[in-house]
Amino acid sequence: MRSAADDISETLAGLAIFADLSRPEVERIAHTLEERYFAQDERVLREGLSGSAFYIILDGEAAVIAGGKRVNTLGRGEFFGEISVLLGEAPVADIIAARPLRCLVLPGELLKEFLQTNPRVCYRILVAEARKLANATRRGG
Amino acid sequence: MKHAAISADENAGGMFRKWPFFQRLLSWTKPYAPFEQGTREYERYDWNSLLPEEKACRALMCSMMDGTSYYPSRPEMQRNLEAFAERTGVAVRYGCRWTGTRRDGDRWVLETSDGEYRCQVPIFAVGVAEPWRPQMPGIEDVPHYAETRPAETYAGRRVFIVGKENSGFELATGFLQWAKQIVLASPSPAKLSINTRSLVGVRARYVQPYEDHVLAGGVIVLDASIERVERTGKTFRVHTRKAESAVELVFEVDDVIAATGFTSPIQDLAKLGVATVGRNKLPAQTPFWESASVPGVYFGGTIHQASPGLRKHGLPSNSGGVNGHRYNGRILARHVAKKHFGIDPERPVIARAEIVSYLLHEVTNAPELWHQKSYLARVLVQDPKRGIVDDGIVPLQSFVDSGPADGAAATLEENPAGDIYPVLYTRRGGISAEHALPPHPLHDFRTRDHEKAVVAALEGLLL
């Protein structure tokens, strides 16, 4: 159904982690994920609470809050929640909408299948994780 | 609170005056259940009755059913809602259509076919029943689910159904004995309710076409993008493409039906800044069903499905059905009364000695918690002056994110393995924490082990 997810397919096609996919593949993913809207200051991910999900930012800005301090800011095309889902642990930080925020969401228990079904997306995510790790190492050093 | 209710319909009944097309609901009511009709506990077994204060008007659905199925027929559901409105004396101005909205100082002005209404708080409960089609070349030339003809007129025809959700499978089920070939198609695989463990997904009674597909019996369930629909004289040509292989499949069919869902007729609210979300563009809402982008605008009924709550482990609420939003409605009324009109009836105090058994009784029997898992919760609050106050049933997200400094919330959750178990959320000095209790094979949590777990979670807080 070409665009049942309408503009979401268009938006997804423009994000780096979906850059290697064909149009039908993007549409299938747009149908698999659910769109969520968060008002400014609304909590998206909660430190210490189980049962979280994988989020991809379509629009807006999210603040990463750890130990009561803002430690990072995430924007369009970036993602979060995957670490707690992959490790089966509760998130170690809060994520809060710093501005009105639109995300696509995949329930945690579906992430493994999603990554296995979409290896090119999985690779892009892995590259992004490597970049985060390298940046964190540089800051630490 | 002074209030007015208006409806564009000529009588009560809403979408059930027209749908479902094949005249039988997806939501059940069990006339015979472990609890007596009309009790609060019985509501868990009756998904279709509304919740009046008057005892004589409770569990009305049962009295309208003819006993042939525990799924009410469409006319039975319509009669249920009409009887509720009549017997409870709900004052509604029917035949009055909302046509526009504007602000006038601190008031909202609703323009209607009968003139203007002014109010402090508008609540739009306009349903999710307006046919919706995706943007797809040619889709505008095919009928929507809402325009489906009588089933027998599809006899011997090849039918292509766009969409693999309940409405698509409902049509396919109805066509099984008539159509020569049935194709159901959409980009992603069909979700079945027994797999999603929720009402999101194709319900069990519509799975027959899926079995016919699996057994190669004239039904095709296809995961593919639909690129365009072309009319070719008296037939249609539907161009599809599979995601994994990029192979194009073209179908020559006699009928195409867009079972692509419904949206909400929110008129000019989007122009006023009401943000919408999801494929069907429903208004994005806060945990108390207020527009997430325009404060003071509230929503009621099935539109509540766009206020997703915590969605722990991906489990959705049942707010898209009567069995879910009927509880939200009560909470919404209380919230609006308190926030906008300063009306806040005193809540009852609960003795400390009763807290453990009370919470375990609630997670075992409270219909609000069973119908709205990880969405609604029973909340107890530490009040420095009065002691432990029963704050009623509250959206879980609001408790976790902005609840009282000290209190506890009891809810039910379900993990990916399908275990249903109680969870206590505590707030100590404004910090939230969760405490999962063990599941029980009979879902009866009134055991010694559960008592110990509640005591451990609440010690030093409420105990």
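Trainee: In β6(A), which residue is the bridge partner of A:I56?

Mentor: In β6(A), that partner is A:F79. Before we go on, keep in mind that this is a predicted model, in which local features need pLDDT of at least 70, side-chain atom pairs count only at pLDDT 80 or more, and totals for chains, interfaces and linings use all residues. Residues are numbered from 1 along each chain as its sequence is written, while chains are lettered from A and ligands numbered from 1 in the order in which they are written.

Trainee: How many bridges join β3(A) to β6(A), and what is the order of the strands in the open sheet?

Mentor: Strands (E, at least two residues) and helices (H or I, at least four) are DSSP runs, numbered from the N terminus, and two strands pair if DSSP finds at least two bridges between them. Here β3 (residues 53–59) and β6 of chain A run antiparallel and are joined by 2 bridges. They belong to an open sheet of 4 strands in chain A, ordered β1-β8-β3-β6 with antiparallel pairing, whose edge strands, β1 (34–38) and β6 (79–80), each pair on one side only.

Trainee: How do I read a single helix, and which residues of α2(B) are buried?

Mentor: Compare its reach with the expected span, which is 1.5 Å times one less than its number of residues. Helix α2 (residues 74–88) of chain B has 15 residues and reaches 21 Å from its first C-alpha to its last, close to the 21 Å expected. Then look at burial: a residue is buried if 20 or more other C-beta atoms, placed from the backbone, lie within 10 Å of its own, exposed if 12 or fewer, and partly exposed in between. In α2(B) the buried residues are B:E76, B:M77, B:Q78, B:R79, B:N80, B:L81 and B:F84, and what covers them includes α1 (60–64) of chain B. After α2(B) comes B:G89, with a positive phi near 70 degrees.

Trainee: Why does α5(A) lie largely in the open?

Mentor: Helix α5 (residues 119–140) of chain A reaches 31 Å, close to the 32 Å expected, and it lies largely in the open because the number buried among its 22 residues is 1.

Trainee: At roughly what angle do the axes of α7(B) and α10(B) cross?

Mentor: Two packed helices are described by the angle between their axes and the distance between the axes. Axes are lines fitted to C-alpha atoms, for helices over the stretch in contact, and angles run from 0 to 180 degrees between N-to-C directions. The axes of α7 (residues 355–365) and α10 (residues 448–458) of chain B come within 10 Å and cross at roughly 115 degrees. Residues are in contact if their C-beta atoms, placed from the backbone, lie within 7 Å, and those making this contact include B:L359 of α7(B) and B:V454 of α10(B).

Trainee: What is unusual to look for in the loops, and is B:W289 buried or exposed?

Mentor: Look at the backbone angles. B:W289 has a positive phi near 65 degrees although it is a residue other than glycine, and B:W289 counts as buried because it has 27 C-beta neighbours inside 10 Å. B:H443, also not a glycine, has a positive phi of about 60 degrees, but B:H443 is partly exposed, with 14 other C-beta atoms within 10 Å. Finally, a cis peptide bond, with omega about 10 degrees, joins B:W19 and B:P20, and B:P20 sits in the loop between β1 (6–7) and α1 of chain B.

Key
Two residues are in contact if their C-beta atoms, placed from the backbone, lie within 7 Å.
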